[in-house]
Amino acid sequence: MLELLDSAEIGVVRKPSVAEMAEVQALVEGAAQAGAVLPRTEAEYYEHLRDFLVYTDGHGVGGCCALHLDMATLAEIRSLVVRPDLRGAGVGRKLLEACMEEARALGIARIYALTRVPGLFQKLGFHEVDKRELPHKVFKDCVRCPLFPGCDESAMVRDLPAETPAQDSE
Ligand SMILES: CC(C)(COP(=O)(O)OP(=O)(O)OC[C@H]1O[C@@H](n2cnc3c(N)ncnc32)[C@H](O)[C@@H]1OP(=O)(O)O)[C@@H](O)C(=O)NCCC(=O)NCCS
């Protein structure tokens with residue numbers, strides 16, 4: 001028997017619209033209350049809208065992730081959150097892969113995340129480094145964090161080798 005796919009279940013990863021940022025904010029702030037990600041001000045969601053990718057399906061925004069450029073060679077993965085009912089189904093992986101693809105396309109050499117779920121990042125090719133390898137992040141954000149310097153997050157990095165242009169066959 002043919003099983004019909006519920007179109008509401010087929011999700012896509014794409015850039016969010018302004019109207020979707022309220023859902024992104026609710027998702028991230030929910031996870032922030034559980035201490036999983038950093039809270040942001042309402043204004044920051046709009047200021048950084050273009051950093052975000054969202055996973056959406058017929059039920060709305062089911063996940064989000066942001067790629068924030070620190071400098072010419074370095075970008076941070078931030079605000080990775082998947083709606084609780086969608087967890088464990090590969091949505092987080094899709095969002096991270098899409099952020100990595102975007103970083104590669106921009107020519108970013110290294111991406112990183114500060115996280116309490118290093119296992120997820122390891123699965124996607126990241127490895128742990130000492131936070132002192134990320135002085136930019138430490139001086140910009142960490143020093144203002146109440147947990148500094150006793151933070152329990154792992155610094156995970158992934159290097160993104162530049163793509164070699166295809167050779168001309170002639
Ligand atoms: C962490 C989170 C984003 C993962 O999203 P998800 O959609 O459930 O993850 P996926 O199903 O895509 O998992 C991808 C891979 O990572 C693994 N993984 C997922 N969560 C993991 C965890 N907490 N620890 C270790 N590995 C994990 C999965 O087993 C999967 O591996 P596989 O592809 O080999 O099977 C989600 O649980 C979440 O929103 N948590 C609350 C917010 C949070 O902690 N965000 C991270 C901030 S850095």
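In this predicted model, the shell around the ligand draws at least two residues from each of strand 4 (74-82), helix 3 (91-106) and helix 4 (118-123). Helix 4 provides the largest share, with four residues. The ligand is surrounded by 18 residues, and those that come nearest are Leu-80, Val-82, Gly-88, Gly-92 and Arg-93. By residue class, the shell comprises 10 nonpolar, five polar and three charged residues.

Polar contacts with the ligand involve backbone atoms of several residues. A distance of 2.7 Å separates an oxygen atom of the ligand from a backbone N or O atom of Gly-88. At Ala-89, a polar backbone atom is 3.3 Å from an oxygen atom of the ligand. A nitrogen atom of the ligand, in turn, lies 3.5 Å from a backbone N or O atom of Leu-120. The ligand taken alone exposes 910 Å², of which the protein buries 70%.

The chain that forms these surroundings contains five helices and seven strands. Along the sequence, these elements are arranged in the pattern β-α-α-β-β-β-α-β-α-β-α-β. When contacts between residues at least 6 apart in sequence are considered, 69% join residues at least 24 apart. Of the 170 residues in the chain, 42% are buried. The accessible surface of the chain amounts to about 10200 Å², and carbon and sulfur atoms account for 56% of this area.

How values were computed. Residues are numbered from 1 along each chain as its sequence is written. This is a predicted model: local features need pLDDT of at least 70, side-chain atom pairs count only at pLDDT 80 or more; totals for chains, interfaces and linings use all residues. Side-chain values use heavy atoms; hydrogens and water are left out. Buried means under 20% relative accessible area, exposed over 50%, partly exposed in between (1.4 Å probe, protein chains only). Contact means heavy atoms within 4.5 Å. Accessible areas come from the Shrake-Rupley method with a 1.4 Å probe; for residues, only the protein chains shown count as cover. A residue is near a molecule or strand if one of its heavy atoms lies within 4 Å of it. A polar contact is a pair of N or O atoms within 3.5 Å; within protein, one must be able to donate a hydrogen and the other to accept it, and residues adjacent in sequence count only if both atoms are side-chain atoms. Ala, Val, Leu, Ile, Met, Phe, Trp, Tyr, Cys and Pro count as nonpolar, Asp, Glu, Lys and Arg as charged, and the others, Gly among them, as polar.
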